[in-house]
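Visitor: Please take me through the nonpolar interior of this protein. I would like a close look, residue by residue where you can.

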Amino acid sequence: MSLQQIQQHINQIKTSYQMPNKEFQNTFKLFESCVPFLKSENQEQLNQVFRALKRFRRRLENELKLNQTDYHAFIKKWKSLNITFVPLVYDVKLDFSKKIATLKYEDLINFNFDHHHYTSREMLKASMMIFQHLEVEQYANYNNLENLLTQINLNYNIVSYHNFTHAFALFQLLFCVYEKSDLKHFVSKQDIFAALMASLSHDLNHKGVNNLYKVKKSKKLNKNICEQAVLESMHVSTLFNILAQNQQLNFLNQLPNTQQQEFKRILVSSILATDMGQHFNIFGSFKDRVNATIDLRENQNIIDPLIKFRGFNKENFDDRKFILNVLVHACDISNPCLEWDAYMKWSFLLAQEFQDQTIKEAAKGLEVTAMLQYKDKITFFNGQTFFLNTFVLPQWQTIATLYPSLIDLPNEVKRNLEILEEEKKKLSN
């Protein structure tokens, strides 16, 4: 990093952005005023300033996108940076005539709610509607909760997929699952509040790269890091930093000790459960315990202590936590549970993020993750078929076994698998 590059970065921010308030104006003036005192030979100092400048720019962009959809913010930024779009992005179509002007409860329990139509402010308002419906004020003051959600939103970056819209999609689907199933009779109100907060926070400060990228980059820089749940641990840390820096918003401190510990355990474990590296361990245990639960449900005379032990018990906090961990993870990879057009929008945007990562890998001299590179549409569809059959369908079928009222979700995955086969045949002809 050179002094000239820092100056160019400052000039670019000055010409490209309008400061939204005095806090940003004053911080930017500090950056401008420090430049004459920087020493070109002091590389550590230059690196520190540049990293701080990057964080400032990200926070500025996140503030300015509050009144935009994440999709439009991403398109605008990528065009300004001259980043190449994968061809699939041009197939993303948003029909704003279908946008609901005034959201109601009935809209928010729709499995096929179209999240891409809404700005960050509108999604924040919808989030508060859900929390008010659940009557969580006994745990968190509504004004403080609303301000906390805004801070959470401001810590989501402009990327094609892992943005606040994705977090809200997970959150809203989990709410649907809770409202439309017997889950609401199994977990407590505090339990679901904690899981919903985890949903909104589960990808905080995501920069559009995966765990493997973080590990490869750290090895190249000779940094020793824990290679398990790298991003998920960072998301948890970011949330607790937000709470630490805004004590008025830290509702956890107002909870009695036992409630606070249980809330944190669900919050942290649910975010960590979104690590795809843990999928088969979690799913295998879940499937085994669902089978035991169904056996007990169908035959109350079972005396086998092992089956009784494996069956879910709502009086057991760890059982409630585990089911919520499973559901947060399942909702995180639930795009294929949506109708075809909505499912494809999300998948196309994820393909862009994967491609962007491979470009970063090449630029930094890292081994390029070939499976993330976009090749053509039929390869993309084949990848989707594998993902649905291997991860999404088995998990949601097992969830629907436990909660039969959710059968529409795995059935939609099956329909999308059929359409994928039809689309592949069209491309092969």
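Guide: Here is a walk through the interior, then the helices around it. Keep in mind that this is a predicted model.

Start with the largest nonpolar core. It holds 115 residues. Phe131, Leu145, Phe193, Met197 and Trp396 touch the most other members. Helix H8, residues 164–179, gives this core its largest share, twelve residues. A separate core of 16 residues lies apart from it, and includes Tyr17, Met19, Phe28 and Phe31. As a rule, nonpolar side chains in soluble globular proteins tend to be buried together.

Now take Leu145. Setting aside neighbours within four places in sequence, Leu145 contacts Met128, Phe131, Val136, Ala140, Phe193 and Met197. Three of those names, Phe131, Phe193 and Met197, come back at a helix pair.

That pair is H6 (residues 120–134) and H10 (residues 189–201). Their axes are 11 Å apart, and the packing angle is about 170°. An angle over 145 degrees counts as roughly antiparallel, so H6 is roughly antiparallel to H10. From H6, the contact uses Ser127, Phe131 and Leu134. From H10 come Lys189, Phe193, Leu196, Met197 and Leu200. By class, that is six nonpolar residues, one polar and one charged.

Next, look inside H8 at Leu173. Its relative accessible area is 5%. Buried means under 20%, so Leu173 is buried. Beyond residues up to four places away in sequence, Leu173 touches Phe111, Cys331, Ser334, Trp396 and Leu409. Trp396 is also among the core residues that touch the most other members.

From Leu173, go to Ile242. The two are 69 residues apart along the chain, and their C-alpha atoms are separated by 25 Å. Ile242 is one of the buried residues of H12. The others are Val230, Leu231, Glu232, His235, Val236, Thr238, Leu239 and Leu243. H12 covers residues 230–245, 16 residues in total. From first C-alpha to last it reaches 22 Å, close to the 22 Å expected at 1.5 Å a residue.

Finish with H17, residues 340–363. This helix has 24 residues and reaches 35 Å between its first and last C-alpha, close to the expected 34 Å. Of its 24 residues, 18 are buried, so H17 is largely enclosed by the rest of the structure. After H17 comes Gly365, with a positive phi near 75°.

Technical notes
Residues are numbered from 1 along each chain as its sequence is written. This is a predicted model: local features need pLDDT of at least 70, side-chain atom pairs count only at pLDDT 80 or more; totals for chains, interfaces and linings use all residues. Side-chain values use heavy atoms; hydrogens and water are left out. A nonpolar core is a set of buried Ala, Val, Leu, Ile, Met, Phe, Trp, Tyr and Cys residues joined through side-chain atoms within 4.5 Å. Buried means under 20% relative accessible area, exposed over 50%, partly exposed in between (1.4 Å probe, protein chains only). Helices (H or I, at least four residues) and strands (E, at least two) are DSSP runs, numbered from the N terminus. Contact means heavy atoms within 4.5 Å. Axes are lines fitted to C-alpha atoms, for helices over the stretch in contact, and angles run from 0 to 180 degrees between N-to-C directions. Angles under 35 degrees count as roughly parallel, over 145 as roughly antiparallel, 65 to 115 as roughly perpendicular and the rest as oblique. Ala, Val, Leu, Ile, Met, Phe, Trp, Tyr, Cys and Pro count as nonpolar, Asp, Glu, Lys and Arg as charged, and the others, Gly among them, as polar. The expected span of a helix is 1.5 Å times one less than its number of residues.
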